[in-house]
Each structure stands twice: as C-alpha cells, then as structure tokens.
Amino acid sequence: ALKPSAFDSLGLPVTLLKGTVEQIEFEIPWKALQSSPVVVKIKNVAVLLGPNTKQQDALRTVSKLQAERRARLDNDLLSRKRALSAKNDSNPSFLTNLITSILNNLVIKVEGIHIRYEDSLSPAHPFACGLVLESFEVQTTDSEYQAIPFHKDLTTLYKRIALIHLGFYWQSDQPAAPDRPLLDQAGTAASLDDDDYVLRPLSFEGIHIRY
C-alpha cells in the first residue's frame, strides 16, 4: 500500500486517499548483466486521489527549505560528477559501461493501472475522473520490432513502446466512495460504463530510435 502522506511534501492540490501496488517483480540476470535484459514487472496499480483541503503552509515552507537544500547538494554532486567524468572520458570505467548496458536492455512491463480523482468540494454535483491503462511495455528490439538484447556491436538502439487500452473518463454526480474497488480481479478498471469515457480506451505502439 502507498502511504497517504506520499504527496504531502509536494504541495499539490490533491491528496492521496488510497493507493496499492499488487506486485513488483525484478528479473536480474546477475551472470549476464551486459548481454541480457533486466526486467521490471509491475502489476495492478490503483491510486485514489481527493482534493487537498488542509492548510499546509508550514509544511510547504519546510518542504521548500528542504528542496533548496537538496538542490544545493545536487548541484555540488553534479559539479563533482562532471569533473570526474571529464577526467575519465578517455577511459570509461567498467561501472559506467555496466550501467549503460543495463539501461539499454531494460524491459519494463506494467499491467493494470487505474488513477482516479473523486471530488468532495461540490456536494450538489460531485464528480469523479480518471485514467485507466490495461498495460504498458518498453523493450529493446531490432528495426523489425523483434525483441533482442542490445550489445556494443550494434550502432542503433531501438525501443518498442506499447500502450494498450489507455482511456480517460469523467463521471458526473458521482458521490465519493473511498471504499469502492478501483480494479477488479482481472486488473481492469471497475465500475465504469462505456458512456463514462471522454477518451475511449485506445492502443499505441511505436519505436523510439537512439543513435
């Protein structure tokens, strides 16, 4: 389960009422990190948001100070990293090559996403809206969409990006119901009718190319 305070320090106009991730799985080929993909699988992500009606000025002030402090530290670390990188550009380290290989071969698979916002500020006509996604996948392929591991002899990196059944919906006169399930047992959005969709679920698949 996601912590209800997950968004508090961001100063957003919404707050997290409920959030769950059913499964996160990593497949790591420890003996072949430079030639085989690291696979990240995430299943059934359900997030329920509501309006943030609390006064959080003090928290936001503290958060702002923390953000400024983190920014200074990040700038310092970035300066040091650039200096070290410039020094080692002519002889890339094993760790740098390893990280690059892992990122080039990284496979991400997400199944079942429902992000819903329920309004409680308009009692006469409350509404709900949200985003649903059946699956999302990013994978290294060749130019023919066939999955292959990327290796140093290849000059072009292809990434297949697939969005399956992405939709947006709006429900008018919908009282808030925090206990309503967001995903059914099959991982699809629950309690939605075809007429609720502003954008009916559509699918997209494309190739991102990097030289």
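The legends below describe close-up views of a predicted model.

**Figure 1. Overall arrangement of the protein chain in the predicted model.** The protein chain contains two helices and six strands, and these elements follow one another along the sequence in the pattern β-β-α-α-β-β-β-β. Of the 211 residues in the protein chain, 30% are buried. Among the contacts in the protein chain with a separation of 6 or more, 71% are between residues 24 or more positions apart. The surface exposed by the protein chain amounts to about 14,100 Å², and carbon and sulfur atoms supply 57% of this area.

**Figure 2. Close-up of the aromatic cluster formed by Tyr117, Phe127 and Trp170.** The structure holds two aromatic pairs. In one of them, Tyr117 and Phe127 are tilted with respect to each other, with 6.0 Å from centre to centre and 40° between the planes. This pair links distant parts of the chain, since Tyr117 lies in strand 3 (residues 107-118) and Phe127 in strand 4 (residues 127-141), 10 residues apart. Both Tyr117 and Phe127 are buried. The rings of Phe127 and Trp170 have planes at 5° and centres 4.6 Å apart, and the pair is therefore stacked. Here too distant parts of the chain are linked, with Phe127 in strand 4 and Trp170 in strand 5 (residues 157-172), 43 residues apart. Phe127 counts as buried because its relative accessibility is 19%, whereas Trp170, at 42% relative accessibility, counts as partly exposed.

**Figure 3. Close-up of the largest nonpolar core, a set of 10 residues.** The members of this core are Leu16, Val45, Val47, Leu49, Val110, Ile113, Tyr117, Phe127, Leu133 and Leu166. Strand 2 (39-51), strand 3 and strand 4 each supply at least two residues of the core. Two of the core members, Tyr117 and Phe127, also belong to the aromatic cluster with Trp170. For Leu133, when residues up to four places away in sequence are not counted, the residues touched are Gly112, Ile113, Leu163, Ile164, His165 and Leu166; of these, Ile113 and Leu166 are themselves listed in the core.

**Figure 4. Close-up of a nonpolar surface patch of about 450 Å².** The patch is made by Phe168, Trp170, Val198, Leu199 and Leu202. Strand 5 and strand 6 (197-210) are the elements that give two or more residues to the nonpolar patch, and the largest share, three residues, comes from strand 6. Phe168 is placed in strand 5, and with a relative accessibility of 34% this residue counts as partly exposed. Trp170, which is likewise part of the patch, is the residue whose ring is stacked with that of Phe127.

**Figure 5. Close-up of the salt bridge between Lys41 and Glu27.** A search of the whole structure finds four salt bridges. In the one shown here, the side chains of Lys41 and Glu27 meet at 3.0 Å, N to O. The pair links distant parts of the chain, with Lys41 in strand 2 and Glu27 in strand 1 (residues 14-27), 14 residues apart. Lys41 counts as partly exposed at 29% relative accessibility, and Glu27 counts as partly exposed at 31%.

**Figure 6. Close-up of salt bridges involving Arg116 and Arg160.** Arg116 forms a salt bridge with Glu118, in which the closest N and O atoms are 2.8 Å apart, and both of these residues are buried. The side chains of Glu137 and Arg160 also meet in a salt bridge, at 2.8 Å from N to O. Because Glu137 lies in strand 4 and Arg160 in strand 5, this second pair ties together parts that are 23 residues apart in sequence. Arg160 is buried, with a relative accessible area of 14%. Glu137 and Arg160 are linked with Glu205 in a network of salt bridges.

**Figure 7. Close-up of Ser101 in helix 2.** Helix 2 spans residues 94-105 and includes Ser101. This serine has a relative accessible area of 18% and is buried, as residues under 20% are. When neighbours within four places in sequence are left aside, Ser101 is in contact with Leu33 and Gln34.

Notes. Residues numbered from 1 in each chain as written. Predicted model: local features only at pLDDT ≥ 70, side-chain atom pairs only at ≥ 80, totals over all residues. Heavy atoms only, no water. Phe/Tyr/Trp six-rings, centres within 6.5 Å; stacked < 30°, edge-to-face > 60°. Helix = DSSP H or I, 4+ residues; strand = E, 2+ residues; numbered from the N terminus. Buried < 20%, exposed > 50% of the residue type's maximum accessible area, 1.4 Å probe, protein only. Contact = heavy atoms within 4.5 Å. Areas by Shrake-Rupley, 256 points an atom, 1.4 Å probe, with all protein chains shown as cover. Patch = residues over 30% accessible without salt bridge, like charges linked within 9 Å, V, L, I, M, F, W, Y side chains within 5 Å. Core = buried A, V, L, I, M, F, W, Y, C linked by side-chain atoms within 4.5 Å.
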